[in-house]
Amino acid sequence: EAHHAVAPSYLRLLSLLKGRAKLLGLTATPWRSDSDDAKRLWNAFDATRIYQVSLKELIEQGILSAPNVETVQTHVEMEKEFSDDDLTYIRRFGDLGEVVLKRLSKNTTRNRLIVDHYQQYSSRYGKTILFACDKLHAETLAKEFNDSGVPTEFVVYGKSDNDAVLDAYRDNPNPILIANVEILTEGYDAPKTRTVFLCRPTKSKSLLTQMIGRALR
């Protein structure tokens with residue numbers, strides 16, 4: 001996950017290794033939304049790229065699954081509620097801020113639509129990973145799916161049974177769905193996953209690729 005190399009803790013470590021070891025960084029998402037971060041990432045590896053393969057090539061080689069993308073209209077126009085602070089955050093960080101995501105997570109109509117849409121096409125979607133806006137959203141979606149008869153669990157940072165839930169989703173028929181908040185963007189393989197629900201909107205190319213990548217693998 002070499003795209004984390006621009007974090008201060010990593011930079012301190014890399015500065016100690018400079019000149020003492022050869023540095024090789026590996027990542028599936030080598031992009032940074034912030035141009036300064038992109039420069040720092042490039043400089044951390046001495047601007048040398050020795051190998052690159054695209055998602056398109058990996059799909060054509062059969063290493064990754066070919067995605068079928070569906071857009072579901074929620075008719076929620078959250079942009080109308082953007083404040084000046086919300087817009088400033090988007091311009092600065094290239095993605096939606098916590099305040100915007102929290103408002104979206106509390107939209108009961110949208111949450112109900114997510115559940116109803118899955119149920120309508122459940123035989124096609126199968127085991128599904130849900131990417132939620134925040135902790136409350138993950139809990140809410142899990143509850144609404146369970147109340148509708150679809151076995152669902154959720155994982156969030158600090159939850160004591162995360163490992164058991166992840167193992168159960170990967171290895172067992174149930175839960176059918178698992179909701180999470182950016183825990184499953186990296187380092188988790190569940191080959192039986194058939195579908196990803198992007199319940200959390202994003203403007204970040206890296207985050208989008210990571211979320212979709214859970215099913216492509």
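**Exercise 1.** Does Arg170 count as buried, partly exposed or exposed, and at what relative accessibility?

*Solution.* The model is a predicted one, and every step below is worked out on it. Begin with the cut-offs, by which a residue is buried under 20% relative accessible area and exposed over 50%, and partly exposed in between. Arg170 has a relative accessibility of 28%, so Arg170 counts as partly exposed. Next, look for the partner of Arg170, which is Asp171: the two form a salt bridge whose closest N and O atoms are 2.9 Å apart. Asp171 has a relative accessible area of 41%, and is therefore partly exposed too.

**Exercise 2.** Find the residue with which Arg112 forms a salt bridge, and work out how the two are placed in their helix.

*Solution.* The partner of Arg112 is Asp116, with 3.0 Å between the closest N and O atoms. Asp116 is found in helix 6, which covers residues 108-120. Because Arg112 and Asp116 are four residues apart in helix 6, about one helical turn separates them. As a general point, an α-helix has 3.6 residues a turn, so residues three or four places apart point the same way. Finally, consider accessibility: Arg112 is partly exposed at 32%, and Asp116 is partly exposed at 38%.

**Exercise 3.** Determine which residues of helix 2 are buried, and how they are arranged about its axis.

*Solution.* The buried residues in helix 2 are Asp37, Leu41 and Ala44. Seen down the axis of helix 2, the buried residues fall within an arc of 65°, and therefore they line one face of the helix. On the other side of helix 2 one finds Ser35, Lys39 and Asn43, which are exposed.

**Exercise 4.** Describe how strand 2 and strand 3 are paired, and name the unit that they make with helix 9.

*Solution.* Strand 2 (residues 152-155) pairs with strand 3 (residues 177-180) in the parallel sense, over four bridges. Within this pairing, Thr152 of strand 2 stands opposite Leu177 in strand 3. Now add helix 9 (residues 162-171): strand 2, helix 9 and strand 3 together make a right-handed β-α-β unit.

**Exercise 5.** Identify the residues that make the nonpolar surface patch of about 540 Å², and then locate Ile50.

*Solution.* The patch is made by Leu24, Leu26, Ile50 and Tyr51. Of these, Ile50 has its place in the loop between helix 2 (35-44) and helix 3 (55-60). With a relative accessibility of 67%, Ile50 counts as exposed, since the cut-off for that class is over 50%.

Key. Residues numbered from 1 in each chain as written. Predicted model: local features only at pLDDT ≥ 70, side-chain atom pairs only at ≥ 80, totals over all residues. Heavy atoms only, no water. Pairing = 2+ DSSP bridges. Right-handed = clockwise from strand over helix to strand, strands pointing away. Patch = residues over 30% accessible without salt bridge, like charges linked within 9 Å, V, L, I, M, F, W, Y side chains within 5 Å. Areas by Shrake-Rupley, 256 points an atom, 1.4 Å probe, with all protein chains shown as cover. Salt bridge = Lys/Arg side-chain N within 4 Å of Asp/Glu carboxyl O. Buried < 20%, exposed > 50% of the residue type's maximum accessible area, 1.4 Å probe, protein only. Arc of directions from axis to C-beta.
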